[in-house]
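This report describes the fold statistics, strand pairing and one surface feature of a protein model, with the cut-offs stated for each term.

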Amino acid sequence: MTHASTTNPPVGRRIRQYVLHLHTWVGRAVAFYFVFLFLTGTLAIFGSEIESVFSPQMRGFTTYEPADFGAILDNARHSFPDSRPITISRPPSPWIAAPIKMRGPDGDFMLWANPANGELQGTTSVLGFKELMRRLHVSLMVDRKLFLAAVTSLSLLLCWQILSGLYSHRKFWREYTRLPKIRGGSRSNWGGLHRWLGVWCLPVVVVSALTGVFYFAEAIGFNPALPRSQNPIERAEILPSNFDGDALNDALRIARSELSGLDVAEIYLPKSPTEGLAIRGDLTANLVRPRANTVTIDLGNSTVLGVYKGEDLSLQRRLTEAADPLHFGTWGGQVTRFIWFLGGTFALFVALSGLKVAAWRIAGADRTSRIYDVWRSVLLPIKILIVAAFSIAAGAILFQFF
C-alpha cells in the first residue's frame, strides 16, 4: 500500500508567490493614484504644445532663433506700463513663443512674444494647461510642504512595484520579442498585456521613479543649497527707471563674458530692491537645469554679484539638478520628450490593465469584471497607505529639526 505524498513548493517559488501577492495588494491600493500620476505627468511633457492648440498667441515657429530679450523687455514694458516682468524665458520648443511672466495690479499673467523680434502675440493665464498638469502631478494643487512630501513619498512604492513585478515575472525580457494576446478579453490576456506594457515602458518608469525619490528627499529638506551671491546695493525702485532693453542686453553681454558660451534660457528680474538680476542658461555641464549656470548682476552699477556653473556644484546638487531633465525627458531634446511621452502612455495603460486584472481576481467564479469590484477591495489598502505616506513625510520633516 502506497501513500500519496505531498511536497511543498520550492522556497524560491513560495517567495515569488508572496512577492506577487504583495505586488497585487500594493497595486490595488495605488492604482488609481498611478493612473492620475501617469496621465498628468505624460500630458505635462507636451503641455505647452497642447495648450497652444487652443491659444494661438502661444504658437512659435518651426526654426529656433536666439531670443532678442532686449526687444521683448521693451515691448512688454511699453504695452503694459502698469505691470512689470518677473521672468523672461526662451521658447521651450520650436513651436512655442517666448514666455514672459508679468506681475500686474490684478495678479500675474503670461505674455507671449516672437523670440526673433520681440513682437508681442498675446496673453494667457499663469495657470495654463501645462502648469495645471504639473501642479496636479507634483502636489495635487496643494501648496504645502507636508502634502508635497506625502505625494512624492509614493515614488518609493513605485520603486517597489517595479522591483516586485520584475522579480515575480521570470524572464521578463522575453516580452520584448513577442506581442500580447488581446482578443477575447480573458484574465490571462489582460495579465499578458499588463506585463508586456510594463516591460516596454520600464526604462522611462525606472528613471521617473528614481527621480521621484530625489523629489521626496528635496521635499523633506535634504536639498543642498546653490552657491549664494552677494547682496546688491539697495535701490529706490525694484527696477531702475533707466533699465530698458539696451541695459538688459548689456547685462547679457556681461553674463556671457563671465560664462563664455552661455546659452541664456531664463532671466529672473528682481522682485524687490534688494535683489539682483539672475541670468541662467545652458553651458557645458550635462543633465542640469538652467539654474545650474547662473550669473547675478547688480542693476544699480552692473557689478557681478555671483557666478557659478554646473561643474562647480557638489555631487548631491548635481543629482538634484538632474532630476527635472530626466523626470520629464527633456535631457535629449524633442526625441527624448517623445520617448517619455510614449513611455508615460504605456505606464498609464499598465495601471489601467492592472485594475482590470484585479477586477478579474475579485470577481472569481462570477467571471465578471467591474471597476466597482476593485474599488470595494482597495478602500482599506488606500487608507493604510495614505496614513503611512503622511506619517513618513511628517517624520522625515520633523527629523530635520533634531
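The text below goes from the whole chain to strand pairing and then to a surface patch.

The model is predicted, so that local features need pLDDT of at least 70 and side-chain atom pairs count only at pLDDT 80 or more, while totals for chains, interfaces and linings use all residues. Residues are numbered from 1 along each chain as its sequence is written, and side-chain values use heavy atoms, with hydrogens and water left out.

The secondary structure comes to twelve helices and eight strands, taken as DSSP runs numbered from the N terminus (helices H or I, at least four residues; strands E, at least two). Of the 402 residues, 45% are buried, meaning under 20% relative accessible area. Among contacts (heavy atoms within 4.5 Å) with a separation of 6 or more, 65% join residues 24 or more positions apart. Carbon and sulfur atoms hold 60% of the accessible surface of about 21,500 Å², computed by the Shrake-Rupley method with a 1.4 Å probe.

Strands count as paired if DSSP finds at least two bridges between them, and two such pairings involve strand 5.

| Strands | Sense | Bridges |
|---|---|---|
| strand 1 (residues 84-89) and strand 5 (residues 263-268) | antiparallel | three bridges |
| strand 5 and strand 6 (residues 277-282) | antiparallel | five bridges |

Ser89 has Glu266 of strand 5 as its bridge partner, and Tyr268 has Ala278 of strand 6.

Leu342, found in helix 11 (residues 334-363), is partly exposed at a relative accessible area of 40%, a class lying between the buried limit and the exposed one of over 50%.

Technical notes
Buried < 20%, exposed > 50% of the residue type's maximum accessible area, 1.4 Å probe, protein only.
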